[in-house]
Amino acid sequence: MLIKTLTIVAFLAIVISLGSALFHIVRHKEDKDSAKTAKALTMRIGLSLALFILLFIAYASGMIQPHGIGARMHANQNQPTATSNP
């Protein structure tokens, strides 16, 4: 449950950072504000990288398991098929 909470918080922080950068690009056209835009985008890159590393470590340690269409397709490919030899 902790991993899910951290993932959601990280996604929200990324979206907020993108919104902040968009606000500074659209609303203000000064050099001071372009530095704020760069800082917000740098923060987004750092958060995205941290989220990727968190998810990779959680998957590698078995804290999260894939599920859905791709996981079911992969599971079906690994199952031995019964063949009949007359």
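The buried residues of α2 pack against α1, and that pairing is a good way into this predicted model.

**The overall picture**

Let's step back for a moment. The protein chain has three helices and zero strands, so if you read from the N terminus on, the order is simply α-α-α. Of its 86 residues, 14% count as buried. The accessible surface comes to about 7300 Å², and carbon and sulfur atoms account for 69% of that. As for contacts between residues at least 6 apart in sequence, 59% of them join residues at least 24 apart.

**Two helices, end to end**

Start with α1, which covers residues 2–27. How far apart should the ends of this helix be? With 26 residues at 1.5 Å a residue, α1 should span 38 Å, and because its end C-alpha atoms are 37 Å apart, the model agrees with that expectation. Next comes α2, covering 31–60. This helix has 30 residues and reaches 44 Å from its first C-alpha to its last, close to the 44 Å expected at 1.5 Å a residue. After α2 you meet G62, whose phi is positive, near 85°.

**Where the two helices meet**

Which residues of α1 are buried? They are I3, T7, A10, I14, S17, A21 and H24. What covers them includes α2. Over in α2, the buried residues are D33, T37, A40, L51 and A58, and these pack against α1.

A21 makes a handy close-up. This residue is found in helix α1, and it counts as buried because its relative accessibility is 2%, while the cut-off is under 20%. What does A21 touch, leaving aside its neighbours within four places in sequence? The answer is T37, A40 and L41. T37 and A40 also appear among the buried residues of α2. A21 can be placed relative to D33 too: the two are 12 residues apart along the chain, and their C-alpha atoms are separated by 9.3 Å.

Now compare that with I8, another resident of helix α1. Is I8 buried or exposed? At 53% relative accessibility, I8 counts as exposed, because the cut-off for that label is over 50%. I8 and L51 are 43 residues apart along the chain, yet their C-alpha atoms are separated by 9.8 Å. L51 itself is one of the buried residues of α2.

**The outside of α2**

Some nonpolar residues sit on the surface. L49, F52, I53, F56 and I57 form a nonpolar patch there, with about 550 Å² of accessible area together. L49, a member of helix α2, counts as exposed because its relative accessibility is 52%.

Here are the three residues we looked at one by one:

| Residue | Relative accessibility | Status |
|---|---|---|
| A21 | 2% | buried |
| I8 | 53% | exposed |
| L49 | 52% | exposed |

**What the record adds**

UniProt, in an unreviewed entry, lists residues 45–64 as "transmembrane region". What does the model show over that stretch? Over residues 45–64 the chain is 80% helix and 0% strand, with the end C-alpha atoms 23 Å apart.

**In short**

If you want one thing to look for on screen, find the buried residues of α2 and see how they pack against α1. Then turn to the nonpolar surface patch that includes L49 and F52.

Terms used. Residues numbered from 1 in each chain as written. Predicted model: local features only at pLDDT ≥ 70, side-chain atom pairs only at ≥ 80, totals over all residues. Heavy atoms only, no water. Helix = DSSP H or I, 4+ residues; strand = E, 2+ residues; numbered from the N terminus. Buried < 20%, exposed > 50% of the residue type's maximum accessible area, 1.4 Å probe, protein only. Contact = heavy atoms within 4.5 Å. Areas by Shrake-Rupley, 256 points an atom, 1.4 Å probe, with all protein chains shown as cover. Expected span 1.5 Å × (residues − 1). Patch = residues over 30% accessible without salt bridge, like charges linked within 9 Å, V, L, I, M, F, W, Y side chains within 5 Å. Salt bridge = Lys/Arg side-chain N within 4 Å of Asp/Glu carboxyl O. UniProt positions renumbered as here; feature names shortened; annotations may be inferred.
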